[in-house]
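Subject: A structure for you to look at

Hi,

Here is the structure I promised to pass on. Have a look at it first, and then read my notes below with the viewer open.

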Amino acid sequence: MDFQLVSDFGPKGDQEQAIAKLVKSIKAGNRHQTLRGVTGSGKTFTMANVIEHIQKPTLIMSHNKTLAAQLYSEFKAFFPNNAVEYFVSYFDYYQPEAYIPRSDTYIEKDSSINEEIERLRLSTMGSLITREDTIVVASVSCIYGLGNPEDYKDMMFGVSQGEEIGRDDFLTELVNLLFERNDIAFQRGNFRVRGDVVEVRPAYLEETAIRIEFFGDEIDRITSIDTMSGHVIDEMTNYVFYPAKQFVSSKEKLKGAMVAIRQELDDRIAWFEKNGKLIEAQRIRMRTEYDLEMMQEMGFCQGIENYSRHITGRNPGDRPYTLLDFFPDDYLLLADESHATLPQVRGMFEGDKSRKSVLVEHGFRLPSAMDNRPLRFDEYMKMTKRRLYVSATPGPFEIVNSRADNTTFIPIKSRKEEDFDPTFFKRLTIKASGSAEDPEDFDVSRSGGQLIVEQIIRPTGLLDPVLTMRPLKAQIDDTIELCQQRVEKNERVLITTLTKKTAEDLTEYLQGVDLKVRYIHSDVDAIERVEILRALRAAEFDILVGINLLREGLDLPEVSLVCILDADKEGFLRNETSLIQTAGRAARHVNGECVLFCDTVTDSIQCLLDVTEYRRGIQQEYNEKHGITPTSVKRAVQKSLHDREVTSQTGQSLNSSLVAENEMVFNAVEVIREMEEEMQKASAKLEFEKAAHLRDQIKELKERAGIDQPKSKSKGPVALKLAKKVGKGK
């Protein structure tokens, strides 16, 4: 069906003109367009409107999983009648294969796959093949190697009610799709057989299985069932099964690939022996022959992706198949936070090449392993035809290309020296593009038309935070004074430092002067970061110290002050983009202020001053013209642990403080079991804040009920262990 945007509100401020200009530009055939939207201006809503107007399958790229999950949730709400999918790396933990020649250390590949994310990836591939109304929110994982979409299509297997097919033939087809038989543990990617009834649990469905009932050699009935209860959900006349794995290939192709791998192995051994590298020759022979034997007997081997060039029939040097190949040719690309996303895409290839070159050189992998790689940046650009870059601080690539000949793109090495002049970028950053009043003033009929569209007006009327500069000499004492002033007003503060050690030391020092403060950086667990941010919003503490995590995508309406320590130390953490993004964290509060501690005004600081003055002027003029009084953004905060209520299976609602005071009234084991199920569902839906909250609530319930934490590392259900302890009188 068509893309249908569902929302209780329409475009406000300058969203309407931004939407009109971008849609007109894309329909005119321009390949590069940039939406420069300030924090809080509703860029996501503008993106949703562009999708509805263009009516093309869309790929939305984000530079990290957390922001991708946030976008996925928002677009699911905007397009409830369309297929909105989530495609990110499915590794909870990933240690790539590597070799360190200097110490002769080989590091074997080690990983832990998240089954829920794998399900979402498979669902994405299926939706792209079978539906035209698909929106995919993805991380940079989408430029890494994936199976050939043609092989994926060819292996799809459809059945219809009344079709003549023997049960055993049907089971053979399922095995060819890499489904596994398991009559006991009915997990995703499994099937089970009960007489003439076969139940299949596709890997891309959540809690649904497909039941096929045979009458002789004929399919008598097809139904979808609930995997837990077995109850019928829906009757169907036909169903199409997709492969149970992402990397699939026919038996014929696999046999041909094994012949090609054997030939490459012989050539590689001969080369090593000719050059006197006998250890490397023996190493590559042992490893590859073991892999070939596994492929022969099992159909797969550890690290089979390193042979993807042979399996997919590509020539040496050809780009790999990726998720982008599953899209039609005319799809739309939206690069969210493009100043961070595009450099990440650009850097993936070289990093992968450097690691694998060492493995190939020392006989750990065949040279064909080099073709199992992410896309090069030029390949990525060739595979994306309609591009919209979205950022509050678009980078040099977006700025230059959105104002250049839009039939191609300008790589870094082709830029002129003047492109790197700070004043040049300052001019581009603060220059308005077209008329904000009449979209028709926006001329996209000619190549090289102005394709940088600004979205500066916030519907709330909020202005960019006030900028204040203070000397470095007393930055800690001044920071303490500023924090105390905000705490008295029940407002929150963010403080950015340059190193993790400084963040930790400053946190300890501020705690010594009776301030409630915590720190956050990359060493803090991802789920714990979400809990820390929730606690800040809930006023469990007032001040958060961090480094570059306090930038893109952080939505904290209660924060009214941002303190940037050592603001004049030019570099990645104190460049123009970083300063603008960090200052923007205070843009959701009516009393927003950003204090920069510096002794000199660097080019980046000056650019921040110019941009802020320009944006404040436009917003102030709009507020006066439309009689708008700025108001702080208000958003609900997750309830505190102590205020949260839990409900038993009998429907009785009790406050957590009553847990274990009367076990006859409150069955702790049953409630904990229910909350564990709720926690798992929240995690599956990517609601990490809720999952972390439930995790701590479960811990509190166990403590109040006098139930010891199980010391065993067994993977069995926690509720079962608790039940055994309660049964023994504990």
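Let's begin with the empty space inside: the largest cavity has a volume of about 90 Å³. This is a predicted model, so please keep that in mind as you read. Which residues sit closest to the centre of that cavity? Of the 15 that line the cavity, they are Asp 464, Ile 580, Ala 583, Gly 584 and Arg 615. Two elements each give two or more residues to the lining, namely helix 17 (576-583) and helix 18 (603-626). Sorted by class, the lining has seven nonpolar, four polar and four charged residues. Counting cavities of 30 Å³ or more gives two.

Next, go to the start of the chain and find helix 1 (residues 15-27) and helix 2. Their axes come within 9 Å and cross at roughly 40°. Angles under 35 degrees count as roughly parallel and 65 to 115 as roughly perpendicular, so helix 1 and helix 2 are oblique to each other. The crossing is right-handed. On the helix 1 side, the contact includes Ala 18, Ile 19, Leu 22 and Val 23, while Phe 45, Asn 49 and Val 50 are among the residues from helix 2. This contact has eight nonpolar, four polar and one charged residues.

Helix 2 (residues 43-54) also packs against helix 3 (residues 65-78), at an angle of about 50° and with the axes 11 Å apart. That angle makes helix 2 oblique to helix 3, and this crossing is right-handed too. Here Thr 44, Phe 45, Met 47, Ala 48 and Ile 51 of helix 2 meet Leu 71, Glu 74, Phe 75 and Phe 78 of helix 3. By class, that is seven nonpolar, one polar and one charged residues. Try finding Phe 45 on your screen: Phe 45 is listed in the contact with helix 1 and also in the contact with helix 3.

Finally, look at helix 7 (residues 251-274) and helix 8 (residues 278-298). How are they arranged? They pack at an angle of about 170°, with their axes 9 Å apart, and that makes helix 7 roughly antiparallel to helix 8. Leu 254, Ile 261, Leu 265 and Phe 272 are among the helix 7 residues in this contact, and helix 8 brings residues including Ala 281, Ile 284, Leu 292 and Met 295. The contact has eleven nonpolar, two polar and five charged residues.

Enjoy exploring!

Best wishes

Definitions and conventions
Residues are numbered from 1 along each chain as its sequence is written. This is a predicted model: local features need pLDDT of at least 70, side-chain atom pairs count only at pLDDT 80 or more; totals for chains, interfaces and linings use all residues. Side-chain values use heavy atoms; hydrogens and water are left out. Axes are lines fitted to C-alpha atoms, for helices over the stretch in contact, and angles run from 0 to 180 degrees between N-to-C directions. Helices (H or I, at least four residues) and strands (E, at least two) are DSSP runs, numbered from the N terminus. Angles under 35 degrees count as roughly parallel, over 145 as roughly antiparallel, 65 to 115 as roughly perpendicular and the rest as oblique. A crossing is left-handed if the near helix is turned anticlockwise from the far one by less than a right angle, and right-handed if clockwise. Contact means heavy atoms within 4.5 Å. Ala, Val, Leu, Ile, Met, Phe, Trp, Tyr, Cys and Pro count as nonpolar, Asp, Glu, Lys and Arg as charged, and the others, Gly among them, as polar. On a 1 Å grid over the protein atoms alone, a cavity is a set of points where a 1.4 Å probe fits but cannot get out, and a pocket is an open set with protein on both sides within 12 Å along at least five of seven lines; lining residues have an atom within 4 Å of a point. Grid points are joined across faces, edges and corners, and a volume is the space filled by probe spheres set on the points.
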